[in-house]
Amino acid sequence: MSDEASYPEDLLYHPEHDWARVEGERATLGITWYAQDQLGEVVFFELPAVGSTVTKDSAYAEVESVKAVSDVIAPLSGEIVEVNEALADGPQAINEDPYGEGWLVRVRLSDSSEVEALMDARAYSSSLGG
């Protein structure tokens, strides 16, 4: 991953610097390049429980960096069907590859219409003043 800010076109973005890769009734969630850059080096990610529910615009996990502890905000609502267990031992993947190995959870969407409220890459990038 380069030091250049990147916002892949195939993802949707939430104003709280979270992304969603929507595939049918499921979505993979994570934090954006901007979020990990602001956090600095991530040292711990608290894995939420599989089977728990996340609610759009609400915190569902915490990520701890050398600078601060920050809530991770859900861009969409649903039930967690998978968590990225690798982050328990290697949370630095969130910094190194926020859209790949650094994904956080996968959810089964409870309201797919919420997808329409998310931003595309261009709108998100513009919201950052980029």
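These are my notebook entries on what I looked up in this predicted model.

**Entry: the sheet**

I started with the strands. I found six of them in an open sheet, ordered S1-S2-S3-S9-S8-S5, with antiparallel pairing. Which strands stand at the edges? They are S1 and S5 (53-54); each has a single partner strand, so one side of each has no neighbour in the sheet.

Next I went to S9 and its partners. S9 covers residues 105-109 and is joined to S8, residues 78-83, by five bridges. These two strands run antiparallel. I looked up one of the positions here and saw Val-83 standing opposite Val-105 of S9. S3 is also joined to S9, through four bridges, and that pair runs antiparallel as well.

**Entry: the two faces of S9**

I wanted to know which residues of S9 sit on the covered face. I noted Val-105, Val-107 and Leu-109 there, while Arg-106 and Arg-108 make up the uncovered face. My reminder to myself: side chains in a regular strand alternate between the two faces of the sheet.

Then I stayed with Arg-108 for a bit. Its relative accessible area is 37%, so I put it down as partly exposed. Arg-108 is the bridge partner of Arg-26, and also of Glu-79. Glu-79 is partly exposed too, at 30%. The side chains of Arg-108 and Glu-79 also meet in a salt bridge, 3.1 Å from N to O. Arg-108 is in S9 and Glu-79 is in S8, so this salt bridge ties together parts that lie 29 residues apart in sequence.

**Entry: the other salt bridges I checked**

How many salt bridges does the structure hold? I got four. Besides the one above, I looked at two others.

One is between the side chains of Asp-10 and Arg-21, at 3.8 Å from N to O. Asp-10 comes in the segment before S1 and Arg-21 in S2 (residues 18-23), so I noted a link between distant parts of the chain, eleven residues apart. Asp-10 is exposed at 53% relative accessible area, whereas Arg-21 is partly exposed at 21%.

Another is between Lys-56 and Asp-57, whose closest N and O atoms are 3.9 Å apart. Is Lys-56 buried or exposed? I wrote down buried, because its relative accessible area is 18% and the cut-off for buried is under 20%.

**Entry: His-14**

Asp-57 turned up again when I looked at His-14: their side chains make a polar contact at 2.6 Å. His-14 lies in S1. Its relative accessible area is just 4%, so I noted it as buried. What is His-14 in contact with, leaving aside neighbours within four places in sequence? My list includes Lys-56, Asp-57, Ile-73, Pro-75, Leu-118 and Tyr-124.

**Entry: the nonpolar cores**

I then turned to the inside. The largest nonpolar core has 25 residues. Which of them touch the most other members? I listed Phe-45, Tyr-60, Val-72, Ile-94, Leu-104, Val-105 and Val-107. Several elements give two or more residues to this core, among them S3 (26-31), helix H1 (33-39), S4 (42-45), S6 (59-65) and helix H3 (93-96). S8 and S9 are on that list as well.

I also found a second, separate core of ten residues, which includes Tyr-7, Trp-33, Ala-121 and Tyr-124. I had already met Tyr-124 as a contact of His-14.

Back in the largest core, I picked Leu-104 and looked up its contacts beyond four places in sequence. They include Leu-29, Ile-31, Phe-45, Tyr-60, Val-72, Val-83, Leu-87 and Ile-94.

**Entry: two glutamates**

I finished with Glu-9 and Glu-41. Glu-9 sits in the segment before S1 (12-14). It counts as exposed because its relative accessibility is 67%, and the cut-off for exposed is over 50%. Its C-alpha is 20 Å from that of Val-107, which is 98 residues away along the chain.

Where is Glu-41? I placed it in the loop between H1 and S4. Not counting residues up to four places away in sequence, Glu-41 touches Glu-64, Ser-65, Val-66 and Asn-95. I also checked Glu-41 against Thr-28: they are 13 residues apart in sequence and 22 Å apart in space, C-alpha to C-alpha.

Notes: Residues are numbered from 1 along each chain as its sequence is written. This is a predicted model: local features need pLDDT of at least 70, side-chain atom pairs count only at pLDDT 80 or more; totals for chains, interfaces and linings use all residues. Side-chain values use heavy atoms; hydrogens and water are left out. Buried means under 20% relative accessible area, exposed over 50%, partly exposed in between (1.4 Å probe, protein chains only). A polar contact is a pair of N or O atoms within 3.5 Å; within protein, one must be able to donate a hydrogen and the other to accept it, and residues adjacent in sequence count only if both atoms are side-chain atoms. Contact means heavy atoms within 4.5 Å. Two strands pair if DSSP finds at least two bridges between them. A nonpolar core is a set of buried Ala, Val, Leu, Ile, Met, Phe, Trp, Tyr and Cys residues joined through side-chain atoms within 4.5 Å.
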